[in-house]
Amino acid sequence: MADEGYSSTAWESTDNPDPNASQTPYYGLFQPNSPSLIHESATAPALSSLPVKPSSPPPRSSSDSLGRSSSSRWRDSVPVTIERKDTLSVIPSDAISLVETSFDENVLRVLCELDCGVPLLLDRIKQSMVSCREASVFFKKRAVLEDEYGKSLQKLARTTSEVYSMNDGKAGSFVGAWQSSMKIHDVMAENRIRFAQRLNEMSDELASLAKEVDKNRKQTKELASRYERALQESELNMEKSKNRLEVSSEELERVLLQKEGESLKDGGLQAKNQGGVAGKRALGKAVAKGGLLLKGKNPGNIQRQEDDIRTRVSNASDLYRKALTDTQAMRQEYFNFQLPRILRALKECADEIDLGTQYHLTRYAFLFESIVLSDGSTLVPVAPEDGIGLKSTIESIDNRADFKIYMQNYAYARGGTAPRGPRREGPAEEGFLPPLPTHGGGAYSVHTNAPVGSSQNSQIPDKGRPTFGVDLAEQMARDNVELPAILEKCCTAIEKHGLQSQGIYRISGMARKVASLKERLDKDMDSVNLDSEEWISDINNVTSVLKMWFRELPDPLLTSTLHQGFVEAAKIENDRLRHIRLHERVNDLPDPNYATLKYFLGHLHKIAEYEADNSMSIQNLAIVFGQTLFGQMIPGNGSFLGHGNGGMADAPFQNKAIETILDHYSDIFVDEAEVGA
């Protein structure tokens with residue numbers, strides 16, 4: 001710092017510092033051998049392991065820079081170290097793979113150039129702590145909700161299962177499905193409870209992270225304040241030393257003027273001080289303070305006074321030079337060494353809490369997604385070994401079989417007791433009628449297929465040639481036909497009266513009409529006239545009966561043996577290769593199944609040609625008949641269910657197989673000879 005009115009060469013001649021001192025590198029912390037006041041090993045591994053860039057910005061220039069000779073004095077005056085705990089230690093080691101942990105040295109350089117770098121980072125850390133605590137509170141509240149939901153659902157499932165086992169509820173397939181569904185709910189509840197535990201852990205970790213970062217922030221803030229106060233005190237001492245030197249110098253000038261016999265109002269002195277008002281004012285103060293020196297005109301007294309004042313000027317000059325050197329060294333130490341370290345410490349605190357918060361939010365998103373997917377896979381398992389899922393479990397209930405078993409057990413349990421109602425049998429002379437003849441086609445001793453109120457159908461004679469629920473090959477061999485009679489009969493009627501019917505095959509018929517037509521066809525197919533007004537008035541009754549016939553086949557039309565082969569072929573992405581593989585599977589079908597499939601898909605192909613009228617494209621028909629023609633296998637026992645299990649994993653591929661075969665119907669089924677004919 002240059003003084004006012006005096007050249008700095010005088011100070012340089014008496015104290016010659018190192019001329020290269022002002023070229024000290026800007027960041028002392030970038031020097032490999034520089035001592036560190038911050039325990040870098042205590043910082044987070046992800047941040048302390050970063051390589052130091054060799055490049056650095058130009059040094060901070062200072063007109064007052066005279067060296068760093070007092071760096072030891074600085075360290076002695078402020079012996080403070082920053083001990084920073086590893087606040088990221090609460091975060092698992094896989095955090096590096098989830099969030100970016102690189103330290104941006106360019107940002108640190110920009111912060112060092114700013115006058116507001118320290119308060120900027122302090123305020124930023126405060127914002128980050130607020131965000132971190134908000135995330136912690138959210139996780140805690142969400143954990144309470146999930147824990148309450150999981151425990152309530154678990155209690156409900158277990159209590160319901162225990163209560164049902166003590167009550168007189170239905171047995172058979174129903175009780176198995178019911179207990180399985182409760183077990184599925186119990187598994188979902190366990191998943192929710194574990195999710196709540198993980199949320200509690202993350203909430204505690206975030207709270208601990210915010211607490212540690214707040215502690216480090218306060219320590220670093222206190223250290224920065226102490227450094228700034230020390231620098232300010234040094235600058236104040238330098239100003240005081242400068243003022244004392246100026247006063248002593250003015251007194252010396254006054255004595256020298258008196259010694260030479262010059263007047264205070266001499267023109268030369270006025271010319272010397274006319275450069276500014278400040279100079280006159282300073283000289284006036286010197287005269288006022290040294291006025292007593294002018295009272296004695298004795299040359300000896302003046303000489304003694306001159307020697308005394310020269311001694312004081314020399315001492316003041318030495319003190320000012322030392323204060324100036326110490327202040328400049330301290331300023332150099334602060335801006336080039338301590339300030340970058342403080343800013344780095346604060347930036348690392350900000351990075352720690354930001355990365356920790358982002359990591360836990362990412363972890364929360366992953367856990368939330370996992371719990372939702374886990375619930376989905378529990379309800380609809382992907383792999384067969386994981387079970388059949390809730391929907392398939394409920395659909396496995398066989399009410400007819402359960403009732404049959406219940407009826408048999410009920411009759412057996414009460415077989416030895418006397419009947420309470422009227423007697424069933426007795427002598428004819430007492431008015432008892434002979435028992436009605438029984439039919440062997442049904443599952444019960446009395447035929448029960450007729451719906452309530454269908455007295456007309458009960459009068460139709462049964463020829464004993466049922467077609468519903470009978471194996472395809474058996475009924476074709478029994479009837480000595482190349483195609484099932486019911487298939488030809490229904491398809492002919494549908495093509496005659498339903499090609500332009502909106503939503504044909506997609507819209508179901510009336511349940512009572514469908515049951516009546518099914519019974520008639522099953523008892524005496526030849527006597528049923530599908531061209532009558534009774535059936536053509538709603539052709540959907542005929543289509544529903546035909547779909548029911550396919551569903552009730554003991555072995556699906558595309559056979560359980562080839563089921564997996566069709567599904568695997570349908571999974572092929574390449575259209576041409578998928579067509580070839582499905583063609584091969586079709587050729588593997590037994591002759592009755594192949595003939596039936598060829599005829600029926602030809603019928604569907606004709607339906608699709610009227611898409612503009614009936615809105616039934618090949619894709620829509622494939623969706624309707626995908627599971628109908630394939631059936632649904634129950635994992636574990638190899639048996640098949642009927643239509644209605646659309647949630648099974650193979651359903652999309654079944655539909656894709658039917659769609660592909662329909663698209664290439666001519667290539668798969670129609671021979672060139674048939675085309676030429």
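## A colleague's note on the model

1. Let us start with one residue: Lys215 belongs to helix 6. This is a predicted model, so please read each point below as a description of that model. Lys215 has a relative accessible area of 39%, so this residue counts as partly exposed. Its C-alpha atom is 10.0 Å from that of Cys349, although 134 residues separate Lys215 and Cys349 in sequence.

2. Staying in helix 6, have a look at Lys218 and Asp214. These two residues form a salt bridge, and the closest N and O atoms are 3.6 Å apart. Both sit in helix 6 with a spacing of 4 residues, about one turn of the helix. Which of the two is buried, and which is exposed? Asp214 is the buried partner, because its relative accessible area is 16% and the cut-off for buried is under 20%. Lys218 reaches 51% relative accessibility and therefore counts as exposed, the limit for that word being over 50%.

3. Helix 6 spans residues 173–259 and also takes part in a link to helix 5, residues 117–166. How far apart are the closest N and O atoms of Asp186 and Arg158? In this salt bridge they are 3.0 Å apart. The pair joins distant parts of the chain, since Asp186 is in helix 6 and Arg158 in helix 5, 28 residues apart. Asp186 has 18% relative accessibility, so Asp186 counts as buried. Arg158, at 42%, is partly exposed.

4. Two further C-alpha pairs are worth finding in the viewer. Ile193 is another residue of helix 6, and its relative accessible area of 10% makes Ile193 buried. The C-alpha atoms of Ile193 and Glu146 are separated by 6.6 Å, while the two residues are 47 apart along the chain. Ser152 is part of helix 5 and is partly exposed, with a relative accessible area of 44%. From the C-alpha atom of Ser152 to that of Ala189 the separation is 8.1 Å, for residues 37 apart along the chain.

5. Next comes helix 9, which covers residues 299–379. Here Asp351 forms a salt bridge with Lys347, and their closest N and O atoms are 2.8 Å apart. Both residues lie in helix 9, 4 residues apart, or about one turn of the helix. Are Asp351 and Lys347 buried or exposed? Both Asp351 and Lys347 are buried. Elsewhere, salt bridges with shared partners tie Arg142, Glu146, Arg192 and Asp375 into one network. Glu146 is the residue already met as the C-alpha partner of Ile193. The count of salt bridges in the model is 33. As background, side chains of opposite charge can pair when their charged atoms come close.

6. Now for how helix 5 and helix 9 pack. In general, two packed helices are described by the angle between their axes and the distance between the axes. For helix 5 and helix 9 the angle is about 20° and the axes are 10 Å apart. Why do these helices count as roughly parallel? Angles under 35 degrees carry that description, and helix 5 and helix 9 are therefore roughly parallel to each other. The crossing of helix 5 past helix 9 is left-handed. Sorted by class, the residues of this contact are 19 nonpolar, 4 polar and 4 charged.

7. Further along, helix 15 runs over residues 511–523. What distance does helix 15 reach from its first C-alpha to its last? Its 13 residues reach 18 Å, close to the 18 Å expected at 1.5 Å a residue. The buried residues in helix 15 include Val514, Leu517 and Leu521. Charged side chains appear among the buried ones too, including Glu519, Arg520, Asp522 and Lys523.

8. Finally, two loop residues deserve a look at their backbone. Asn480 has a positive phi of about 55° although it is not a glycine. Asn480 is placed in the loop between helix 13 (472–479) and helix 14 (485–497), and is exposed, with a relative accessible area of 71%. Ser615, also not a glycine, has a positive phi near 60°. Its loop lies between helix 21 (611–614) and helix 22 (618–630). At 32% relative accessibility, Ser615 counts as partly exposed.

Technical notes. Residues are numbered from 1 along each chain as its sequence is written. This is a predicted model: local features need pLDDT of at least 70, side-chain atom pairs count only at pLDDT 80 or more; totals for chains, interfaces and linings use all residues. Side-chain values use heavy atoms; hydrogens and water are left out. A salt bridge is a side-chain nitrogen of Lys or Arg within 4 Å of a carboxyl oxygen of Asp or Glu. Buried means under 20% relative accessible area, exposed over 50%, partly exposed in between (1.4 Å probe, protein chains only). Axes are lines fitted to C-alpha atoms, for helices over the stretch in contact, and angles run from 0 to 180 degrees between N-to-C directions. Angles under 35 degrees count as roughly parallel, over 145 as roughly antiparallel, 65 to 115 as roughly perpendicular and the rest as oblique. A crossing is left-handed if the near helix is turned anticlockwise from the far one by less than a right angle, and right-handed if clockwise. The expected span of a helix is 1.5 Å times one less than its number of residues.
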